[in-house]
Amino acid sequence: MTTRQNIGSEYNTGLSFFGSVPLTSKFSIRGNLMLFNTYIRGNPEIGNMSTGLRFRGNLNASWQLPENLIFEMFGFWRSGGRDVQGRDPRFYIYNIALRKQFWNKNGSLGLTVTNLFRKNIRQVRTVNTENSFMRKVNELPFRSFGISFTYKFGKMQQRQRDNRENNNEEDTFGTTGS
């Protein structure tokens with residue numbers, strides 16, 4: 001039997017790093033990394049604890065190929081970590097896609113696969129208390145295949161500012177003409 005109970009408050013403190021690097025005119029990578037420490041303020045029976053440094057991040061890569069083909073990759077990873085009673089499992093996924101653009105790049109047809117080389121994601125969670133030990137294993141079916149069609153219509157146009165801003169004219173408030 002499993003029951004839930006509010007054991008206190010959780011506080012996370014950390015840093016996030018984001019970046020995008022065009023390595024060439026046809027190949028770019030983007031990513032982010034988040035590092036944080038979790039502190040749990042528990043009730044008097046459990047006490048307070050710091051669960052240590054955790055992190056998660058993702059990395060995207062895009063490569064423009066000839067014939068309006070685009071190859072894309074995505075990966076996500078989250079570290080495991082300790083909690084009040086045990087350990088949370090780490091988690092990662094990856095995705096590979098190929099898109100063909102057409103109709104002056106307004107349309108595209110894409111093929112995608114998630115976790116091509118792993119049918120399931122295996123997560124193991126352990127819980128240790130004074131009176132018991134539990135090991136829970138989840139096998140999550142995560143491999144998937146997809147097809148997408150995208151069509152962009154209309155145009156996003158930036159509204160022009162009034163003539164004073166476009167012509168870089170000076171602001172005349174508080175001045176007198178000569």
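Modeller: A residue is buried under 20% relative accessible area, exposed over 50%, and partly exposed in between. We will use those terms on this predicted model.

Biologist: Is Phe27 buried, exposed or partly exposed?
Modeller: Partly exposed lies between under 20% and over 50%. Phe27 has a relative accessible area of 25%. Phe27 is therefore partly exposed.

Biologist: Which strands hold Phe27 and Trp63, and how many residues apart are the two in sequence?
Modeller: Phe27 and Trp63 form an edge-to-face aromatic pair, 6.4 Å centre to centre. Trp63 is also partly exposed, at 42% relative accessible area. Phe27 belongs to strand E2 (residues 27-42) and Trp63 to strand E3 (residues 48-65), so the pair ties together parts whose separation in sequence is 36 residues.

Biologist: What is the angle between the planes of Phe27 and Trp63?
Modeller: Planes over 60 degrees apart count as edge-to-face. The pair of Phe27 and Trp63 is classed that way, with an angle of 85 degrees.

Biologist: How many helices and strands does the protein have, and where in the order does the helix come?
Modeller: The secondary structure comes to one helix and 11 strands. Read from the N terminus, the order is β-β-β-β-β-β-β-β-β-β-β-α. The helix follows the strands, at the end of the order.

Biologist: Which residues does Leu59 touch beyond four places in sequence?
Modeller: Leu59 sits in strand E3. Its C-alpha atom is 7.1 Å from that of Ile29, 30 residues apart along the chain. Leaving out residues up to four places away, Leu59 touches Arg30, Gly31, Met73, Phe74 and Gly75.

Biologist: Is Gln123 buried or exposed?
Modeller: Gln123 lies in strand E9 (residues 120-128). Beyond four places in sequence, its contacts include Arg78, Phe91 and Leu140. Its relative accessible area is 15%, and the cut-off for buried is under 20%. So Gln123 is buried.

Biologist: What percentage of the protein's residues are buried?
Modeller: The protein has 178 residues. Its exposed area is about 14,300 Å², with 53% supplied by carbon and sulfur atoms. The buried share of the residues is 19%.

Biologist: Which element gives the largest share of the nonpolar surface patch?
Modeller: Trp103, Leu109, Leu111, Ile147, Phe149, Tyr151 and Phe153 form the patch, with about 870 Å² of accessible area together. Two elements give two or more residues: strand E8 (107-114) and strand E11 (144-151). The largest share, three residues, comes from E11.

Biologist: Which residues form the aromatic cluster?
Modeller: The whole structure holds nine aromatic pairs. One cluster member, Phe149, is found in strand E11. The cluster is made of Phe102, Trp103, Phe149, Tyr151 and Phe153.

Biologist: How far is the charged end of Arg118 from the ring centre of Tyr92?
Modeller: The cut-off for a charge over a ring is within 6 Å of the ring centre. The charged end of Arg118 sits over the ring of Tyr92, at a distance of 4.2 Å.

Biologist: Is Asn104 buried, exposed or partly exposed?
Modeller: Asn104 lies in the loop between strand E7 (91-102) and E8. Though not a glycine, Asn104 has a positive phi of about 55 degrees. Its relative accessibility is 75%, and the cut-off for exposed is over 50%. Asn104 is therefore exposed.

Biologist: What is phi of Lys105 near?
Modeller: Lys105 is in the loop between E7 and E8. Lys105 counts as partly exposed, at 41% relative accessibility. Its phi is positive in a residue other than glycine, near 65 degrees.

How values were computed:
Residues are numbered from 1 along each chain as its sequence is written. This is a predicted model: local features need pLDDT of at least 70, side-chain atom pairs count only at pLDDT 80 or more; totals for chains, interfaces and linings use all residues. Side-chain values use heavy atoms; hydrogens and water are left out. Patches are made of residues with over 30% relative accessible area and no salt bridge: like charges are joined within 9 Å, nonpolar side chains (Val, Leu, Ile, Met, Phe, Trp, Tyr) within 5 Å. Accessible areas come from the Shrake-Rupley method with a 1.4 Å probe; for residues, only the protein chains shown count as cover. A salt bridge is a side-chain nitrogen of Lys or Arg within 4 Å of a carboxyl oxygen of Asp or Glu. Helices (H or I, at least four residues) and strands (E, at least two) are DSSP runs, numbered from the N terminus. Buried means under 20% relative accessible area, exposed over 50%, partly exposed in between (1.4 Å probe, protein chains only). Contact means heavy atoms within 4.5 Å. Rings of Phe, Tyr and Trp (its six-membered ring) pair if their centres lie within 6.5 Å; planes under 30 degrees apart count as stacked, over 60 as edge-to-face and the rest as tilted. A charge sits over a ring if NZ of Lys or CZ of Arg is within 6 Å of the ring centre and within 35 degrees of the ring normal.
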